[in-house]
Amino acid sequence: MKIDRLLKCSTILLSLFLYFNAGAQELVKVAPEEVGMSSERLEVMTRTFQDYIENDKLPGAVILVSRKGKIAYFKSFGKNDIAREIPMTDSSIFRIASQTKAIVSVGIMILQEQGKLLISDPVGKYIPAFMETKVAIAKEDGTYEVVNSNRTITIRDLLTHTSGVSYGEGIAADQWKKAKIQGWYFADREEPILATVTRMASLPFESQPGEQFVYGYNTDILGALIEVVSGKPLDIFLQENIIGPLGMADTHFYLPKEKNDRLAVVYSPKDNGLERAPEPGGMVSQGAYVDGPRKSFSGGAGLLSTSLDYTKFLQMMLNGGIFNGKRILSPKSVELMTVNHLGNASFPWVGGTGFGLGFSVVEDLGDRGMLGTVGEYGWGGAYHSTYWVDPKEELTVVYFTQLIPSGDIDDHGKLRSLVYQAIVD
């Protein structure tokens, strides 16, 4: 009887140790076999991505795969700067564009956990200009009419991209163009993000709140909302609540001067290979992340980061909100963020996929038609980066490159295939 009690206590203590250790452990690199992956099979991925470099399909890239809380694969390919012969390294810094959205969405959930808002709240409660918004309705003659929204936009609408706001294109693009609010790029703006977002509220949106998935300025609005609710600039709030606690030392909205040489150069595909994107600010450019005005903090597409920094963030999510002893979110908040919230709205680009609070979510593997797991979540960025988290496989994948537009390259599909074929346990 005493032995049974001792065994039961030992089992409980071991379980608690493993649970807390998962959140307390820093990422370390191990042999792939230690976490159920094959070194031989991962070499196929190495050869494949080296071929992309040698055939001038990619300038450079970094791939980081972690499994069971440990790094199984971490390799850099090609050049950080082709003309200057600077190699890509594991510490290269990338413009992560829409991968900013996940971090800012976590910021909103932190404010809910702090009792400062509810995601069911109207956005207008915090940014009054959003209490009453308008929607453009297309007419058969090619014109459009503007009507009042059926209801107020909520914070949850923004998190799920169902507020109706686009990137300034579509039905009422003429009005968005006149307001000089189009496209996801903000780094060259002299105007603070709250001022830009407040101007957005007077422009016609693409659909009624809650009715459609419309990809657009939703998370930029959330970033401005964080500033209002927290009373702090977005960069400071994220630094204090996510970036700093997770040890993401190379994640910034604008690059410190001493890190300039680590910022990977942006390239565009041309008929004869790759061409360096131009210097002036814009969506297809090097961007104003070094020498720009540093006034607009884009919650939708503004951050720079490294593959290791972003993996720390994803590992926190995979661990149920904790990493390296720092709790960022509760497990229940992570659970809510990573299930489908679209309801009757449909995800427009890939079958078998829904959208949670900041992440796409896999619902049906057969309908999607790609390797993966039901419950997997992720997203990507305009400079052709991507990431995903697979809770069942205890897997995170981060892939960074700087290619815009991406053209017809099939590297994302190959990456997914070659990661999963290397899992052997």
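This section describes the overall dimensions, strand pairing and pockets of a predicted model.

The chain holds 12 helices and 17 strands. A compact globule of 425 residues would have a radius of gyration near 22 Å. The chain has 22 Å, so the value agrees with that of such a globule. Along the principal axes, the C-alpha atoms fill a box of roughly 75 × 65 × 45 Å.

One open sheet contains 8 strands. Its order is S3-S2-S1-S17-S16-S15-S14-S13, and the pairing is antiparallel. The edges are taken by strand S3 (86-87) and strand S13 (353-355). Each has a single partner strand, so one side of each is left without a neighbour in the sheet. At the S3 edge, the partner is strand S2 (residues 70-81), joined to S3 by 2 bridges. These two strands run antiparallel. Aspartate 81 stands opposite isoleucine 86 of S3. Helix H2 (residues 39-54) packs on the sheet. Its contacts are with strand S1 (60-67), S2 and strand S17 (395-400). The direction of H2 makes about 10° with that of S2.

Strands of a sheet can pair in parallel or antiparallel fashion, in either case through backbone hydrogen bonds. Both senses appear around strand S5 (residues 134-138). On the antiparallel side, 5 bridges join S5 to strand S6 (residues 144-148). Alanine 136 has valine 146 of S6 as its bridge partner. S5 and S6 form a hairpin, with 5 residues between the strands. In the turn, glycine 142 has a positive phi of about 90°. The parallel pairing is with strand S7 (residues 204-205), over 2 bridges. Here lysine 134 has proline 204 of S7 as its bridge partner.

A further hairpin joins strand S8 to strand S9 through 2 residues. S8 spans residues 267-270 and S9 spans residues 273-276. The two strands are antiparallel and share 4 bridges. Within this pairing, proline 269 stands opposite leucine 274 of S9.

Empty space in the model was examined next. Rolling a probe the size of a water molecule over the atoms shows where such space is left. The largest pocket encloses about 750 Å³. Its lining comprises 32 residues. Ser360, Trp379, Gly380, Thr386 and His412 lie nearest the centre of this pocket. By class, the lining has 17 nonpolar, 12 polar and 3 charged residues. Four elements each supply at least two lining residues: strand S14 (360-362), strand S15 (377-380), strand S16 (386-390) and helix H12 (411-420). S15 gives the most, with 4 residues. The strands named here, S14, S15 and S16, also belong to the 8-stranded open sheet, where they follow S17 in the order S17-S16-S15-S14.

The second largest pocket has a volume of about 320 Å³. It is lined by 18 residues. Those closest to its centre are Arg95, Leu263, Arg276, Glu279 and Val290. One of these, Arg276, falls within S9 (residues 273-276). The lining of this second pocket divides into 7 nonpolar, 4 polar and 7 charged residues.

How values were computed. Residues are numbered from 1 along each chain as its sequence is written. This is a predicted model: local features need pLDDT of at least 70, side-chain atom pairs count only at pLDDT 80 or more; totals for chains, interfaces and linings use all residues. Side-chain values use heavy atoms; hydrogens and water are left out. On a 1 Å grid over the protein atoms alone, a cavity is a set of points where a 1.4 Å probe fits but cannot get out, and a pocket is an open set with protein on both sides within 12 Å along at least five of seven lines; lining residues have an atom within 4 Å of a point. Grid points are joined across faces, edges and corners, and a volume is the space filled by probe spheres set on the points. Ala, Val, Leu, Ile, Met, Phe, Trp, Tyr, Cys and Pro count as nonpolar, Asp, Glu, Lys and Arg as charged, and the others, Gly among them, as polar. Two strands pair if DSSP finds at least two bridges between them. Contact means heavy atoms within 4.5 Å. Axes are lines fitted to C-alpha atoms, for helices over the stretch in contact, and angles run from 0 to 180 degrees between N-to-C directions. The radius of gyration is taken over C-alpha atoms; the globule rule is 2.2 Å times the number of residues to the power 0.38.
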